[in-house]
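Welcome to a short set of exercises on reading a protein structure. Take a look at the sequence and the model, then work through the tasks at your own pace.

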Amino acid sequence: MAHDVFISHSSEDKLAAEAVCAALEQARIRCWIAPRDISPGADWSASIIHGIGSCRVLLLVFSAHANASNHVRREVQHACDRGLAVIPFRVENVQPTGGMEFFLGTLHWLDALTPPMERHHALLVKSIQTLLPVITESVAAMGPAVEPPANLLPQPIWTKGESRWWRPWIGWAVAVPIAVILAILFVKFGGGRTQPA
């Protein structure tokens, strides 16, 4: 894959997202972030789909703006559909509602609500550095038999009712190690919660 982490964020949170991106890339974690990684003249939606497809983790910079953004919600949904690990990085003391609550309600959170932000960025970097090898090993362990023929590969966008036979394999193979790792990091370093109150 060309990138490690897709950074999903509302345009109103551009500065927070860019700070997260800088911290991750300083640690040599390859990030995809809009609008930086969208080529001039390229179709925006197609570029987003390609960006998500090139990554193994979606990092959501979560705020009231992100919670209300249909665009961000579609990015999270597409990442979940593809079996990506989703990490909500909460930069504002708000709770997910509506569709966001559906996708994020059971996920582990990393809170970045109090200064210094560098401490939260360091925990995020550590979490992702620990997580990426586990994802790689989990996918590799499934072996070539999991890969469908080229003409049966799922399309980037899908409609309700389409066959998604490969999702349970990726979901369980990735979700269980992720949950264990994030729980360990939470106990060791603090700064997160299993589920927002």
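Below are four exercises, each followed by a worked solution.

This is a predicted model, in which local features need pLDDT of at least 70 and side-chain atom pairs count only at pLDDT 80 or more, while totals for chains, interfaces and linings use all residues. Residues are numbered from 1 along each chain as its sequence is written, and side-chain values use heavy atoms, with hydrogens and water left out.

**Exercise 1.** Find which residues of strand 1 lie on each side, and say whether they are buried or exposed.

*Solution.* Start with the terms: strands (E, at least two residues) and helices (H or I, at least four) are DSSP runs, numbered from the N terminus. Buried means under 20% relative accessible area, exposed over 50%, and partly exposed in between (1.4 Å probe, protein chains only). Now look at strand 1, residues 5–8: Val5 and Ile7 lie on one side, Phe6 and Ser8 on the other, and all are buried.

**Exercise 2.** Work out how strand 1 pairs with strand 2 and with strand 3.

*Solution.* Two strands pair if DSSP finds at least two bridges between them. Strand 1 and strand 2 (residues 31–33) are parallel, with 3 bridges. The chain travels from strand 1 through helix 1 (residues 14–26) to strand 2 in a right-handed β-α-β crossover; with the strands pointing away from the viewer, right-handed means that the path from the first strand over the helix to the second runs clockwise. Next, strand 1 pairs with strand 3 (residues 57–62), also in the parallel sense, over 4 bridges. Here Ile7 stands opposite Leu59, and Ser8 opposite Leu60.

**Exercise 3.** Explain why strand 3 counts as largely enclosed.

*Solution.* Check each direction: Val57, Leu59 and Val61 point one way, Leu58, Leu60 and Phe62 the other, and all are buried. So 6 of the 6 residues of strand 3 are buried, and the strand is largely enclosed by the rest of the structure. Strand 3 also runs parallel to strand 4 (residues 85–90), joined by 6 bridges.

**Exercise 4.** Describe the largest nonpolar core and find which element gives it the largest share.

*Solution.* A nonpolar core is a set of buried Ala, Val, Leu, Ile, Met, Phe, Trp, Tyr and Cys residues joined through side-chain atoms within 4.5 Å. The largest one has 25 residues, and Val5, Ile7, Leu24, Leu59 and Leu124 have the most contacts inside it. Its largest share, 7 residues, comes from helix 6. A second, separate core has 21 residues, including Leu58 and Phe62.
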